[in-house]
Amino acid sequence: MSNENQTPTTPTEPAQRSDSTSPFLNSPLPQGTPQGQQQSLQQEFNDAPISNVPKYNLPRGAGKTGNVGDTTHFGYQTVKAEDKAQKVAEVFHSVASKYDIMNDLMSFGIHRLWKRFAINMSGVRRGQHVLDIAGGTGDLAKVFSREVGPQGRVVLSDINESMLNVGRDRLLDAGCTNVDFVLANAETLEPFADNSFDLLTISFGLRNVTDKDAALEAMYRVLKPGGRLLVLEFSKPVFEPFSKLYDFYSFTALPIMGKLVANDAESYKYLAESIRMHPDQRTLKSMMEQAGFKNCDYHNLTGGIVAVHRGFKL
Ligand SMILES: C[S@@+](CC[C@H](N)C(=O)[O-])C[C@H]1O[C@@H](n2cnc3c(N)ncnc32)[C@H](O)[C@@H]1O
C-alpha cells in the first residue's frame, strides 16, 4: 500500500449528539418535488417498504459541463448524459439481489479488506453523524452504526431503491436502530442540509455518477467544517504487467461469473468498462481539491486496483 505524503488535518470539532428526528434534512421538505419525494429520517419509513414510496426522479441530465444534452460514457459506450443514470439504474436493479454474493466471488472476498481499510481511515467516533452515499446494500453503514453508537446517527443513501431495499432489510435484521435510509442522488444530495455530517463515505459509487464534479461539490456542501470525505473506488493499477492480467480477468471472467450467478453478463461487462473509464488517482485527487476539499491524499490498495481518497473540509 502506498500513499501520497500529505498530512491530513485532524478534525477538531467535537462529536455532536443527535436526536432521533431529522438533524440532517433540509426542512421543511416541499411536496411534489424530487426533494419532497425523498425519504426523511422518520421512524415510519423504517417500517414501510421502499417500493411504496414514489420513485426519486433520476438525475437531471447534466454531464460534466452541466449542459443537458451532453454526451458521457456508460462503460465504453458514448451515451447522452441524460440517459446514463437510467442505464446505471437498470444495472443495479438487475444485480441488487445477487450484489453481495457477486462482490465476494468477484473480489475473492478482498472487497471486505478494502472496506475495512477505508473504515480505519475514517476516524469515526461515537456520537458522530455519518452519511454513506451510494451505500447500496449497506456494508459500510452497518459498521458505522456500531461505531457511532446510540447517540450517533448513520444515513444509508442511494439513488436506487432496489439496492436500498436490500440494504435496509439487512441492517434492520442486524438490529441497527440508529440508521436511516434515504433515496438520494449523489449529484445533489438534495435532501440533506448544509454542514450536516462529520463523515461522508462513497464506496464503489462515484464511478457510476454522471456528473462527478457536481457530486463532489454536493459532498462538500453537506460536510461539516472539520469533517472528512472518503472515496473508496476502483482506480489505476500501478504495475503494468499486473494490468494485463487484471484486464483479462475483468473482461473475460467477470461477465462469465455475472452470467452464471446473476444471469446478467452485460451488467458485469459494464462494471469492467466503468472501472477503466474512471479518473485515475491523481485526477480524482485534483477533482476533490477543485470541489474545495483540503489536505487531500490517497492510498493505493492491492497495487492500485482500488484507491481510498481522503479530503477534509476545514
Ligand atoms: C457498486 S454499488 C456500491 C454499493 C456499496 N457502496 C458498496 O460498496 O458495496 C454502486 C451503488 O451506487 C449507486 N448509485 C449509482 N449512481 C448513483 C447516484 N447518482 N447517486 C447515488 N447513488 C448512485 C447504485 O445504485 C449502487 O447502489
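## A walk through the chain, starting at M257

Select M257 and show what surrounds it: leaving aside neighbours within four places in sequence, M257 is in contact with M102, L105, M106, Y249 and A262. You are standing in helix α8, which is where M257 sits. Now add Y268, eleven residues further along the chain, and check the C-alpha atoms: the pair is separated by 8.2 Å. Before you go on, keep in mind that this is a predicted model.

Stay in helix α8 and click on K259, which has its place there too. Is K259 buried or partly exposed? K259 counts as partly exposed, because its relative accessibility is 46%. Setting aside residues within four places in sequence, look for its contacts with D264 and A265.

**Zoom out for a moment**

Colour the chain by secondary structure and you'll have ten helices and ten strands to find your way by. The chain has 314 residues, and buried ones make up 57% of them. Switch on the surface if you like: the accessible area comes to about 13,500 Å², with 53% of it belonging to carbon and sulfur atoms. As for how the chain meets itself, take the contacts between residues at least 6 apart in sequence: 72% of those join residues at least 24 apart.

**Into the largest core**

Next, select W114, L232, F234, V306 and V308. These are the residues with the most contacts inside the largest nonpolar core, which has 31 residues. Which elements give two or more residues to this core? Highlight α2 (81-95), α3 (99-107), α4 (110-122), β8 (223-234), α8 (240-262), α9 (265-277) and β10 (306-312). There is also a second, separate core of 27 residues, and L131, L200, V222 and F293 are among its members.

Back in the largest core, pick V306, in strand β10. With 0% relative accessibility, V306 counts as buried. Draw a line from its C-alpha atom to that of F234: the two residues are 72 apart along the chain, yet the C-alpha atoms are separated by 4.1 Å. Which residues does V306 contact, beyond its neighbours within four places in sequence? Its list is W114, F204, L232, E233, F234, S235, H299, N300 and L301.

Now try V308. Not counting residues up to four places away in sequence, V308 touches F117, A118, M121, L230, V231, L232, D297, Y298, H299 and L301. L232 turns up in the contacts of V306 and in those of V308.

**Two unusual backbones**

F204 was one of the contacts of V306, and F204 deserves a click of its own. You'll find F204 in the loop between β7 (197-203) and α7 (212-222). Though not a glycine, F204 has a positive phi of about 55°. Is this loop residue buried or exposed? F204 is buried, since its relative accessible area is 10%.

For another positive phi, go to T302, in the loop between β9 (294-301) and β10. T302 isn't a glycine either, and its phi is about 50°. With a relative accessible area of 35%, T302 is partly exposed.

**Out to an exposed valine**

Select V238, in the loop between β8 and α8. V238 counts as exposed because its relative accessibility is 58%, and the cut-off for exposed is over 50%. What does V238 touch, not counting residues up to four places away in sequence? Look for N300, G303 and G304. Add I305 as well: I305 and V238 are 67 residues apart along the chain, with their C-alpha atoms separated by 8.0 Å.

**Last stop: a charged pocket**

Finish by selecting R112, K115, D139, V143 and R170. These lie nearest the centre of the second largest pocket, which is lined by 14 residues. About 260 Å³ of space lies in this pocket. Sort the lining by class and you get three nonpolar, two polar and nine charged residues. Three helices, α3, α4 and α5 (139-148), each supply at least two residues of the lining.

Show α5 alone before you leave. The helix is mostly covered, with seven of its ten residues buried. Those seven are D139, L140, A141, V143, F144, S145 and V148. Just after α5, click on G149, which takes a positive phi of about 70°.

Key:
Residues numbered from 1 in each chain as written. Predicted model: local features only at pLDDT ≥ 70, side-chain atom pairs only at ≥ 80, totals over all residues. Heavy atoms only, no water. Core = buried A, V, L, I, M, F, W, Y, C linked by side-chain atoms within 4.5 Å. Buried < 20%, exposed > 50% of the residue type's maximum accessible area, 1.4 Å probe, protein only. Helix = DSSP H or I, 4+ residues; strand = E, 2+ residues; numbered from the N terminus. Contact = heavy atoms within 4.5 Å. 1 Å grid on protein atoms, 1.4 Å probe; cavity = no way out; pocket = protein on both sides within 12 Å on 5 of 7 lines; lining within 4 Å. Points joined across faces, edges and corners; volume = space filled by probe spheres on them. Nonpolar A, V, L, I, M, F, W, Y, C, P; charged D, E, K, R; others polar. Areas by Shrake-Rupley, 256 points an atom, 1.4 Å probe, with all protein chains shown as cover.
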